[in-house]
Amino acid sequence: MTRPNPGPSANPLRALDDTRLPRIAGPSGMVIFGVTGDLARKKLLPAIYDLASRGLLPAGFTLVGFGRRQWSKQDFEDYVRDAVTASARTEFNENVWSRLAEGLQFVSGAFDDDAAFDNLAALLEQMDEVRGTGGNWAFYLSVPPEHFANVIHQLDRSGMADQHTAQGGNRWRRVIIEKPFGHDKASAVELNAVVNSVFPENSVFRIDHYLGKETVQNILALRFSNEMFEPVWNSHYIDHVQITMAEDIGLGGRAGYYDGIGAARDVIQNHLIQLLALVAMEEPTSFSPRRLKAEKLKVLRATTAVEPFDRTTARGQYTAGWQGSEYAVGLREEEGFDPESTTETFAACTLQINSRRWAGVPFYLRTGKRLGRRVTEIALVFKRPPYQPFTEGQTNLLTNNAVIIRVQPDEGVLMRFGSKVPGSSFEVRDVNMDFSYDEAFTEQSPEAYERLILDALLDESSLFPTNDEVERSWEILDPVLEYWAEAGRPDEYAAGTWGPQSAHRMLEQDGREWRRP
């Protein structure tokens, strides 16, 4: 008698490969430089608590804060608790908190203070003995880029970057870096050289928090787990692609940081070009970090900005206007912003991918502050059918088919296509088929920083751009930035609108128009 196949679950070894099981970080700790800043308070500290709440951190996990303030351990505990109760995603639990608080430590000092870094090195050795962190430490640089070199040098000088123990054993040391990664290719190359002179590339984790979002990762699932999309995901069927990241807020106290950086450097060079790479890349042979990054880099090397830039790009600064029911002041009235500055708060550009799949398909990227609403989305707009047996009156309300990936808010995927209107006449108009994360899944999506911090502790680098990706992204954008530097003052647009008229003309001259999300 033939025995039934017991299936893969009968093999206990297969459970080790079950990706549905949560991966828990091994013995380790983290040092956050810039722990008193907004990013740490609003994102990093709540994310670490949420990981602890979900049981994804090791029992002896230790978090060390480094800053100028003269804080005791209790002072730091109080600060972290306030940040967690204000912004954590998961419900506050005293038992979770007490276990996390046991591993909280603080070191006072400046980035050029040798003694402070020596104290930090001694503390890490002590924590290895007391907390069982195993010599494994991640250093999170939540500081402005001008301090990167100082911190990296101090980690090297004090021996904290060394991957080998004095007894000849191994431990891991990793550095996590926040954007911006330079302000052009030359500065990015210089920054990468500083970092890689101390930490090998496989120990460097550059944070692009957009890559940690569930809906961004779902781009890979949408494309490569479904047969229905692959045959039409190319220039034969797709007319153009729009990638939008719009904010409805102004600078909000960040004027000093933002002036001289601008929308293109802040968003397009990293977030939007990374989204383009995920949408346009070829299928990797596996989702290992090496294979995934190879395909992303391949498509980025085929990507260039379209000229002439006076027709294919646009930039603007917002003026006073109505943002919903509130009146918003203009950029030049924002506290701390130079009224003579030419830094843009809106940026749009046209990119092309020189490959067989995407030849002739423009990729329109735009981002801005004080726009109509907060939204990030990718819209793949399809060509019209070559022939339609309908009269113009039957289809005058029908637009191009589209697949729209909503990254935030209302995360999901929308498909727009034509359908007959009920009734005796034959009228065709747009309808939507809408997938929503909130409706399809009961579990709340983790915050991006939760996923990225855990991945750094696990040495899972798939969602972190390499230095090659960073430098190539600057190569794509640098010609546009150089043109804008000579082009004078940006155009103006009223707060609450969708950018300057030059951005609308950019598409209208091609017979297209921006989506209004």
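Reader: What makes β12 and β13 a pair, and in which sense do they run?
Author: Two strands count as paired if DSSP finds at least two bridges between them. Strand β12 (residues 346–353) and β13 share six bridges in the antiparallel sense, so the condition of at least two is met. One bridge to look for joins Phe 346 to Gly 368 in β13.

Reader: And how do you know what a strand is, or where these numbers come from?
Author: Strands (E, at least two residues) and helices (H or I, at least four) are DSSP runs, numbered from the N terminus. Residues are numbered from 1 along each chain as its sequence is written, and side-chain values use heavy atoms, with hydrogens and water left out. This is a predicted model, in which local features need pLDDT of at least 70 and side-chain atom pairs count only at pLDDT 80 or more, while totals for chains, interfaces and linings use all residues.

Reader: Which other strand pairs with β13, and in what sense?
Author: Strand β7 (residues 238–246) pairs with β13 in the parallel sense, over six bridges. Here Ala 246 has Gly 368 of β13 as its bridge partner.

Reader: Why is β13 called largely enclosed?
Author: Buried means under 20% relative accessible area, exposed over 50%, and partly exposed in between (1.4 Å probe, protein chains only). In β13 (residues 363–368), six of the six residues are buried, so the rest of the structure largely encloses the strand. In a regular strand the side chains alternate between the two faces of the sheet. Phe 363, Leu 365 and Thr 367 point one way, Tyr 364, Arg 366 and Gly 368 the other, and all are buried.

Reader: What is the strand order in the open sheet of six strands?
Author: The order is β3-β2-β1-β4-β5-β6, with parallel pairing. At the edges are β3 (104–108) and β6 (204–207), each of which pairs on one side only. Neighbouring strands are turned by 20° against each other on average, direction ignored. Axes are lines fitted to C-alpha atoms, for helices over the stretch in contact, and angles run from 0 to 180 degrees between N-to-C directions.

Reader: What lies on this sheet, and how do you know that it packs there?
Author: Helix α4 (residues 114–131) touches β1 (29–33), β2 (62–67), β3, β4 and β5. Contact means heavy atoms within 4.5 Å. The direction of α4 makes about 170° with that of β2.

Reader: Which residue of β5 stands opposite Trp 137?
Author: Arg 173 does. Strands β4 (residues 137–141) and β5 (residues 173–178) pair in the parallel sense over five bridges.

Reader: How do you know how long helix α2 should be?
Author: The expected span is 1.5 Å times one less than the number of residues. With 15 residues, α2 (residues 73–87) reaches 21 Å from its first C-alpha to its last, close to the 21 Å expected.

Reader: Why do the buried residues of α2 count as one face?
Author: Phe 76, Glu 77, Tyr 79, Val 80, Ala 83 and Val 84 are the buried ones. Seen down the helix axis they fall within an arc of 165°, so they line one face; the arc is that of the directions from the axis to the C-beta atoms. They pack against α1 (38–53), β2, α3 (94–102) and β3. The face turned away carries exposed Asp 82 and Ala 86.

Reader: What makes Arg 370 stand out in its phi?
Author: Most residues other than glycine have a negative phi, and most peptide bonds are trans. Arg 370 has a phi near 60°, a positive value in a residue other than glycine. This residue is in the loop between β13 and β14 (375–382), and its 16% relative accessibility makes it buried. Asp 459 also has a positive phi, about 60°, but counts as partly exposed at 41%.

Reader: Which bond to Pro 308 is cis, and how do you know?
Author: The peptide bond from Glu 307 to Pro 308 is cis, with omega near 0°. Pro 308 lies in the loop between β8 (303–305) and α11 (309–312). Gln 408 and Pro 409 are likewise joined by a cis bond, with omega about -20°.

Reader: Why is the chain called as compact as a globular protein of its length?
Author: The globule rule is 2.2 Å times the number of residues to the power 0.38, and the radius of gyration is taken over C-alpha atoms. For 517 residues the rule gives 24 Å and the chain has 25 Å, which is close, so the chain is as compact as a globular protein of that length.
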